[in-house]
Structures are given as structure tokens and as C-alpha cells.
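Let's take a walk through this structure together. Have a look at it first, and then we'll go through it step by step.

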Amino acid sequence: MTQHPSRMGHVPPIVTPASSPPIFQTTAFDIPDLDVLAALHAGTADGHIYTRDSNPNHKALAESIATLEGAESGAVFASGMGAIAAVAMTLAGTGDHILVGRSLYGITLKLMRRLQQQFGVDVSYFDATDAASVAGHLQTSTKFCLIETVSNPLLEVADIASIASALNGVPLVVDSTFTTPELIRPLEHGAEIVVHSASKYLNGHGDVMLGVAAGSASHMRAVRATSSVFGQNANPFESWLTQRGLRTLPLRMQQITKTTSQLAEFLSQHPAVATVYHPTLRHHGTHRLATELYPDGTGGIVSFAFRDGGKARVNAFMQAAESIPFSATLADARTTISHPATTSHGFMTKAERADIGITDELVRISVGLEPIEQLKPELDAALNSASGYAESR
Ligand SMILES: *Cc1c(COP(=O)(O)O)cnc(C)c1O
């Protein structure tokens, strides 16, 4: 006799100690009766109903992030954009006003345009290095302000505490993707919600798409409710992988931060390079604030501009840097290079890019875990080759 189809996938619950947590790769959870269901809905019983809403792997990761950020609660999303969109759509709606940093991650800026054009949210942009300008933008309908800890790709450090206090009670949302809780905990500086693309450092191995948020229990409850109806939740496997990545976050950030400062110094002395953007360098516009806020460094991103030669020069550099791949991401364990003008900020006009300092000659390096002794000669050779400098320095 054949088994009834509804029994075919049935397995008894497995409980066994393991050095790594199990992956709950499941759509839903078996619930003994309607009383338990009611208790789960009411939040008086612990458990899960449906993975779009929650899952043990989500919960474990959200709790880890909350602990790292010093927050009451956390939430996980299908991507960093999922996290930012869920937070934005929770805090603001049609007719509301929001205030956002003008040099945010390119797709975040694109999302802000979308919120304005499609959903009637009024968006103002401000220079996040100028906390004094916040007051002039505030309206009674301002629902939140969004900034990044350190901007992409020019590494401008935001004065989180000054912006938070200028906001006068309007919630500050901080994207800390570039810096991670190893280098700064924005909630301790007055932010109400912190978000990350965990596709970057939190996971750190270039094999995950995931976003996280952390803040008060009530904010996170509301954000999770948004993410449930818009289907922005993470999946169990990506949550598990990110949790695994977190185990090495402190070591990775230490190594990456140290190598990046050394490379910034090296690049700033190279004749092919016109400007290096890194807050550890004295000439950087936010150097002083960076030394106060980030005693351990600002993470693994350093950008530089060639003297001239436009995209062709950058192209020659990328072709010469054979073992350092061009990749439209950052925070991989490997060092990667990117060209902001054609990737993250490619949707802007050249004039719009020029306005925020992004030229065709600009290259962004995401420094990985390779030793500096390996990276320096490779970059040196590629820079020389691209610029026609025959002599290595
Ligand atoms: C990558 C990134 C995002 C978007 O995250 P995804 O996981 O790619 O959706 C948002 N903010 C910053 C600063 C990023 O670097």
C-alpha cells in the first residue's frame, strides 16, 4: 500500500547538540492546536508559524545583531535594500517628509527617488558632514532622517551625535554597513535605528544577500510587520551563513582596517594618484572627527582618483590589476575594486556625480584579508602600468 502523500515528508523533530546551529530550512512550523496558535499570535508563547514572518535562524541572527549593536531588538531582511525599504516604509508614508544624506549608497538614493515619485514622500537632501544644516530642513511632517556612518565612496564621516541632537526628537536611522558594530555602535551616539547590508562585512565572505536592522522592541515589531506584508524577510540559509560570518567579524575588521590605513598611506605617495579619500589621512575633510569617533579605524574602503585619463585610465588599471577583480560589491574576504561612476552612482548624470565629488577617474578599493605585502606590489604595478610610470617606487 502506498503511503498517504501528506505523510511522505513527515519527520519527527530532531533535537541534538551541535557545534553549529541547525538550519531551519522550512516554509512553516507544525502547531499542535488552535490554543497554541492563538498564543503564538499573541506573543505569549515562543515559537514560529510561517517563515515569511519568523524562523529560528532569523531570530538567532536578529538577536546577535541586537546584542552587537546594544539594541533591544533586531530584524533580518532579504537584503540591505530590504532593510532600508522596510524601515523607510514603516516610518513614513504619503505626505510625510524625510531628510536624507545626499551622498548615500547609490541604490538607497534611488529608493528615496522612488519613495518620492511613486509614493508621494517628500524627500530633502543634506550634507551629512554639516550637522548645523539639519535644522533648516526640519518640517513638522519630518518622520525620519537617514545617514550613513561613513559615506560611499568618499569616506566622509558623519557626526552622528550632532545630527541626532539637531533632529530634536525626529528618529535618526544610520546605515552602518561600512563600519559594523566592531568600529561604532550608532545607537550609543543617539541613533534610533541602525541598518546594515549584511551582504557586506557582517557576513564577510561574498556569498550572501541579507540585511539587518536593530533598535527598540517597538520599532522592530513595526518594521517586521512591514517586512511581512511586503515579503522582505530573509531566508533561513542566508541568516545561518551570516551568523557563521559573525564569528570572525572582530578578527576580520581588525585586519582589514589595519591594511586599509597602510594602503591609504601608500596610495597617497604614488605619483599616478591625484587624491586619496580615507579619513586616516590628514588632508581628508573629516579626519579630525574620524580620529575621535573611530579610534580603531573606519573599515576597509579606500578610494583614490587618477590625475587624468577618465574611464580609459581606470580601465587600464583594472586590466593590469589581474589578481584583484573588479566586482560590484564590497566587503568580500578578497580585495576588490570598483568604479563608482559606472556602478553604484551610474544612474546619476555626470553633473550630479560631480556635485558629490565622484569623477570618472575615481576608483574604490574594498580591502580584503590578503596581507599588505601581497597587495602593495600588485597595486603598485597596476598603477604604474595604467599611468605609464615605468619605475616602481
Ligand atoms: C550594499 C549596501 C547597501 C545595500 O545592501 P544590499 O545587501 O546590496 O541590498 C546599503 N547601504 C550600503 C552602505 C551598502 O554598501
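**Where the two domains meet**

Start with Arg113, which pairs with Glu352 in a salt bridge, their closest N and O atoms sitting 3.3 Å apart. Keep in mind that this is a predicted model. That salt bridge has a wider setting, so let's step back to the domains.

The domain assignment splits the protein chain into domain 1 (54–246) and domain 2 (249–387). Taken over C-alpha atoms, their centres are 24 Å apart. On the domain 1 side, 35 residues take part in the contact, and on the domain 2 side, 40 residues do.

How much area do domain 1 and domain 2 bury between them? It comes to about 3,200 Å², with 66% of it on carbon and sulfur atoms. Of the area that domain 1 buries against domain 2, 23% is supplied by Leu154, Leu183 and Tyr201, more than any other three residues. As for polar links, the two domains share 14 residue pairs in polar contact, counting pairs with both residues at pLDDT 80 or more. The rule finds one salt bridge across this interface.

Now for the empty space. The count gives one cavity of 30 Å³ or more, and the largest cavity holds about 30 Å³. Its lining is made up of Ser103, Ser151, Asn152, Pro153, Leu154, His345, Ile356 and Ile358. Sorted by class, that's four nonpolar, four polar and no charged residues. Why does the largest cavity lie between domain 1 and domain 2? Because both domains give residues to its lining.

Note on methods
Residues numbered from 1 in each chain as written. Predicted model: local features only at pLDDT ≥ 70, side-chain atom pairs only at ≥ 80, totals over all residues. Heavy atoms only, no water. 1 Å grid on protein atoms, 1.4 Å probe; cavity = no way out; pocket = protein on both sides within 12 Å on 5 of 7 lines; lining within 4 Å. Points joined across faces, edges and corners; volume = space filled by probe spheres on them. Nonpolar A, V, L, I, M, F, W, Y, C, P; charged D, E, K, R; others polar. Domains from an automatic or database assignment. Contact = heavy atoms within 4.5 Å. Buried area = accessible area lost by both parts, 1.4 Å probe. Salt bridge = Lys/Arg side-chain N within 4 Å of Asp/Glu carboxyl O. Polar contact = N/O pair within 3.5 Å; in protein donor to acceptor, adjacent residues only side chain to side chain.
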